[in-house]
Amino acid sequence: MTWISKRLTVFWLVLVAVSVLSFESSLFGSKAAGAIVIVIGLLKAWIVGSEFMEIRCAPLVLRALFGAWLVVLGAALLGVFYILGG
Amino acid sequence: MNPATDGNETALRGHIPGEPGLWVLIFGDLLVFGVLFVTYAVSLVGDPDAMGLSQQKLSRGLGLANTILLLTSSWFIAHAVNAARRGSPRARRLILAALALGTAFVGVKVVEWGGHIGHGDTLNSSSFFTFYFMYTGIHLLHVLIGLGVLTWLARQCDSSGAWTGPFAVLEGSAVFWHLVDLLWVMLFALLYLLRHGAAA
């Protein structure tokens, strides 16, 4: 099965495993669970962008814009959740 | 074979997948969804009890199933791009597999929406369901556009199944399909999994 990319498959497995794990994390009901769900969601988005969309090989401007989107969104969501939400 | 077509890491270094102009659309979409995500988070922490009560009605199992369907569909279209770079006749089969999984996503979504509407939870029934139907609806529109694109891609393969169109078109279409996946991953986290305060 030489047509199967080992790298893409490993990241796909990570994404599926993390999806299942984040599914369980919401059952904790703790204050930390919110951060876990947000960070895992962003981590998955980062893997999809970097690996599947091939942003990791793209010119710096694309990598920087994508990185900025993840960081700003993460900061905004965590800020809303833990500062605004108390 | 141009540098973008042989699929190895060194050759891809510095390569923009698809047409550069496509990335304006991609980042525009990411920006809009970013605002939507933060708007939702503000509402969630503003009224956690009411939002949480409605949120509990969602089937996290169906959300997880749809996440795995789109992630796997992404895996197939990424392999279709690799197959096309190698001139492999496997390209069409991989595109069709991605298309089938994307169609299954729509099927699950229809069942899910039907269940909620059947229980009286509609666009106007609560703040949470307004967000839910609006956001998943906008996302579903992306999925349907993506399915149309995938169908068109499959038709661009020759009788052996090898890709015959421009590589940038296949790459750009794959990038759009991955964007649909990326946005769903965030929607799944925020709408289905994220709880706040007493409703946690």
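This report describes the contact between chain A and chain B, the nonpolar core and the salt bridges of a predicted model.

Local features need pLDDT of at least 70 and side-chain atom pairs count only at pLDDT 80 or more, while totals for chains, interfaces and linings use all residues. Residues are numbered from 1 along each chain as its sequence is written, chains are lettered from A and ligands numbered from 1 in the order in which they are written, and side-chain values use heavy atoms, with hydrogens and water left out.

**The interface**

Contact (heavy atoms within 4.5 Å) between the two chains involves 45 residues from chain A and 50 residues from chain B. The buried area (accessible area, by a 1.4 Å probe, that two parts lose on being put together, summed over both) is about 4,200 Å², and carbon and sulfur atoms give 77% of it. Trp3(A), Met53(A) and Trp69(A) supply 18% of the area that chain A buries against chain B, more than any other three residues.

One salt bridge (a side-chain nitrogen of Lys or Arg within 4 Å of a carboxyl oxygen of Asp or Glu) is found across this interface. Its partners are Arg85(B) and Glu54(A). On the side of chain A that touches chain B, helix α2(A) gives the most, with 11 residues (helices are DSSP runs of H or I, at least four residues, numbered from the N terminus).

**The nonpolar core**

The largest nonpolar core (buried Ala, Val, Leu, Ile, Met, Phe, Trp, Tyr and Cys residues joined through side-chain atoms within 4.5 Å) has 87 residues. Buried means under 20% relative accessible area, exposed over 50%, and partly exposed in between, with a 1.4 Å probe and protein chains only. Its largest share, 19 residues, comes from α7(B). Tyr40(B), one of the residues that touch the most other members, has contacts that include Met51(B), Phe128(B) and Leu191(B).

**Salt bridges**

Over all chains the count is six. The table lists four of them, including the one across the interface.

| Pair | Closest N to O |
|---|---|
| Arg85(B), Glu54(A) | 2.8 Å |
| Glu51(A), Arg7(A) | 2.7 Å |
| Glu171(B), Arg85(B) | 2.8 Å |
| Lys109(B), Glu112(B) | 2.8 Å |

Glu171(B) lies in helix α7 and Arg85(B) in helix α4 of chain B, so this pair ties together parts 86 residues apart in sequence. Glu171(B) is buried at 4% relative accessible area, and Arg85(B) is buried at 1%. In chain A, Glu51(A) is buried at 9% relative accessibility, whereas Arg7(A) is partly exposed at 38%.

Definitions and conventions. Helices (H or I, at least four residues) and strands (E, at least two) are DSSP runs, numbered from the N terminus. Lists of a residue's contacts leave out its neighbours within four places in sequence.
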